[in-house]
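Hi,

Here is the structure I promised to pass on. Have a look at it first, and then read my notes below.

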Amino acid sequence: MYAIIENGNKQYKVSEGDVVRFEKLDANVGDSVEFSVVMIAGEDGIKCGAEVANAKVSGKVEAQDKFKKIVVFKYKAKKNERKKQGHRQPFTQVKIEKISL
């Protein structure tokens, strides 16, 4: 059984026991979080729309961290214009515990 959940204008495919990294959530390590469900697929087929209006996916926050640094280098030829920046995107690591209809 798996579910498609929505968080921060993005959709994720999750199953029970999965560990997923979302964009930073306002929750502490050890807190429980719930996500809205877009679709659920299981042994009895696929359900979406009004059938999953009250379905929930719950998980537990495992970590608040940042991804590996990426280097952003902007360069304009023949203009002596260079700009080097680094960026580390924060994320929240969540372990999916339960998918309920």
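In which strand does N7 lie? The answer is β1. Before I go on, please keep in mind that this is a predicted model.

I started with N7 for its surroundings. Its relative accessibility is 16%, under the 20% cut-off, so N7 counts as buried. Setting aside residues up to four places away in sequence, N7 touches Y12, F22, E23, L25 and F35. Two of those names, F22 and E23, come back below.

**Strand pairing**

β4 is a good strand to follow through the model. Strand β1 (residues 2–7) runs antiparallel to β4 (residues 32–42), and 5 bridges join the two. If you want a pair to click on, E6 has S36 in β4 as its bridge partner.

β4 also pairs with β6 (residues 56–66), again in the antiparallel sense, over 5 bridges. There, E34 stands opposite S58 in β6.

Then comes β5 (residues 45–48), which is antiparallel to β4 and pairs with it over 4 bridges. A hairpin through 2 residues makes the connection from β4 to β5. I40 and K47 are bridge partners here, with K47 on the β5 side.

**The core**

Which residues of the largest nonpolar core touch the most other members? They are I5, V14, F22, V57 and V94, out of 19 residues in that core. Two or more residues come from each of β1, β2 (10–14), β3 (19–23), β4, β6 and β9 (90–100). β4 gives the most, with 4 residues.

F22 is worth a look on its own. Leaving out neighbours within four places in sequence, its contacts are I5, N7, Y12, F35, F91, T92 and V94. So that you can connect this with the opening: N7 has F22 on its own contact list, along with Y12 and F35.

**Salt bridges**

How many salt bridges does a search of the whole structure find? It finds 2.

One is between K10 and E23, where the closest N and O atoms are 2.7 Å apart. K10 belongs to strand β2 and E23 to strand β3, so this pair ties together parts that are 13 residues apart in sequence. Both ends are partly exposed: K10 has a relative accessibility of 39%, and E23 has 37%. E23 is also one of the residues that N7 touches.

The other brings together the side chains of D44 and K47, at 3.2 Å from N to O. D44 counts as exposed, at 57% relative accessibility, whereas K47 is partly exposed, with a relative accessible area of 23%. K47 is the residue you met above as the bridge partner of I40 in β5.

**Around β7**

V71, F73 and Y75 make a nonpolar surface patch of about 340 Å². Y75 lies in strand β7 (residues 70–76) and counts as partly exposed, at 48% relative accessibility.

K74 has its place in β7 too. Leaving aside neighbours within four places in sequence, K74 is in contact with E81, R82 and K83. What is the distance in space between K74 and N54, which are 20 residues apart in sequence? From C-alpha to C-alpha, they are 47 Å apart.

**Two backbone angles to check**

Most residues other than glycine have a negative phi, and that is why I list the exceptions here. N9 has a positive phi, near 65 degrees, and is not a glycine. N9 sits in the loop between β1 and β2, and at 78% relative accessibility it counts as exposed.

K78 is another residue other than glycine with a positive phi, also near 65 degrees. Its loop is the one between β7 and β8 (81–87). K78 is exposed, with a relative accessible area of 81%.

That is the tour. Over to you!

Methods:
Residues numbered from 1 in each chain as written. Predicted model: local features only at pLDDT ≥ 70, side-chain atom pairs only at ≥ 80, totals over all residues. Heavy atoms only, no water. Pairing = 2+ DSSP bridges. Buried < 20%, exposed > 50% of the residue type's maximum accessible area, 1.4 Å probe, protein only. Contact = heavy atoms within 4.5 Å. Core = buried A, V, L, I, M, F, W, Y, C linked by side-chain atoms within 4.5 Å. Patch = residues over 30% accessible without salt bridge, like charges linked within 9 Å, V, L, I, M, F, W, Y side chains within 5 Å. Areas by Shrake-Rupley, 256 points an atom, 1.4 Å probe, with all protein chains shown as cover. Salt bridge = Lys/Arg side-chain N within 4 Å of Asp/Glu carboxyl O.
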